[in-house]
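Me: Hey, I've got a protein open on my screen and I'd like to talk it through. Can you help me read it?

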Amino acid sequence: MVDLEQAHEILSSMPNAVEVPHFDKPAYKINGKIFATFNIESKWVTLKLTPEQQVIYCEDTSFYPVPNKWGVYGWTHVDLNRVRKSAFIEAIETAYNNIIAEKPKRKR
């Protein structure tokens, strides 16, 4: 289990990550792109994983695809009431590194 304070500390500790409002939730960005959002009321964090990574992480029942079209693209909820801290940190680092690895899009 990861409590709300621990989740915030872990998300905020990612190098150069910036916390910004995203609708009514805190979002965490790197290079101007969201790698995680934090639903404090529901006690979950949503991560930007690849669909392949999502399949692997969802073998742990504390991870589950977002139940709409975003889930198809790899967006994955993490239940803070159930996730082990080590698995949470690994998943955050994976989502963060996915953004770091993206090539910038060319402007037209």
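Me: How much of the protein is buried?
Reply: Buried residues make up 40% of the 108 residues. Buried means under 20% relative accessible area, exposed means over 50%, and partly exposed is in between, with a 1.4 Å probe and protein chains only. Keep in mind that this is a predicted model, where local features need pLDDT of at least 70, side-chain atom pairs count only at pLDDT 80 or more, and totals for chains, interfaces and linings use all residues. Residues are numbered from 1 along each chain as its sequence is written, and side-chain values use heavy atoms, leaving out hydrogens and water.

Me: And what area does the protein expose?
Reply: About 6,800 Å², with carbon and sulfur atoms supplying 55% of it. Those areas come from the Shrake-Rupley method with a 1.4 Å probe, and for residues only the protein chains shown count as cover.

Me: OK, new topic. How many helices and strands are there?
Reply: There are four helices and six strands. From the N terminus on, the order is α-β-β-β-β-α-β-α-β-α. Helices (H or I, at least four residues) and strands (E, at least two) are DSSP runs, numbered from the N terminus.

Me: Is the whole thing compact or not compact for its length?
Reply: The radius of gyration is 13 Å, close to the 13 Å that the globule rule gives for 108 residues, so the protein is as compact as a globular protein of that length. The radius is taken over C-alpha atoms, and the rule is 2.2 Å times the number of residues to the power 0.38. The C-alpha atoms fill a box of roughly 45 × 25 × 25 Å along the principal axes.

Me: What share of the contacts links residues 24 or more positions apart?
Reply: Counting contacts with a separation of 6 or more, 52% are between residues 24 or more positions apart. Contact means heavy atoms within 4.5 Å.

Me: Let's do pockets. How much space lies in the largest one?
Reply: About 310 Å³. It has 15 lining residues, and the closest to its centre are His 22, Lys 25, Thr 37, Thr 46 and His 77. A pocket here is an open set of points on a 1 Å grid over the protein atoms alone, where a 1.4 Å probe fits, with protein on both sides within 12 Å along at least five of seven lines; lining residues have an atom within 4 Å of a point. The volume is the space filled by probe spheres set on the points, which are joined across faces, edges and corners.

Me: Which element gives the largest share of that lining?
Reply: Strand E3, with four residues.

Me: Where is Thr 37, then?
Reply: Thr 37 is in strand E3, and it counts as buried at 12% relative accessibility. Beyond its neighbours within four places in sequence, Thr 37 is in contact with His 22, Pro 26, Ala 27, Trp 44, Val 45 and Thr 46.

Me: What about Phe 35, buried or exposed?
Reply: Buried, at 0% relative accessibility. Phe 35 is also in strand E3.

Me: Last one: what is the phi of Asn 16?
Reply: Asn 16 has a positive phi of about 65°, although it is not a glycine. Most residues other than glycine have a negative phi. Asn 16 lies in the loop between helix H1 (4-12) and strand E1 (18-22), and it is exposed, at 67% relative accessible area.
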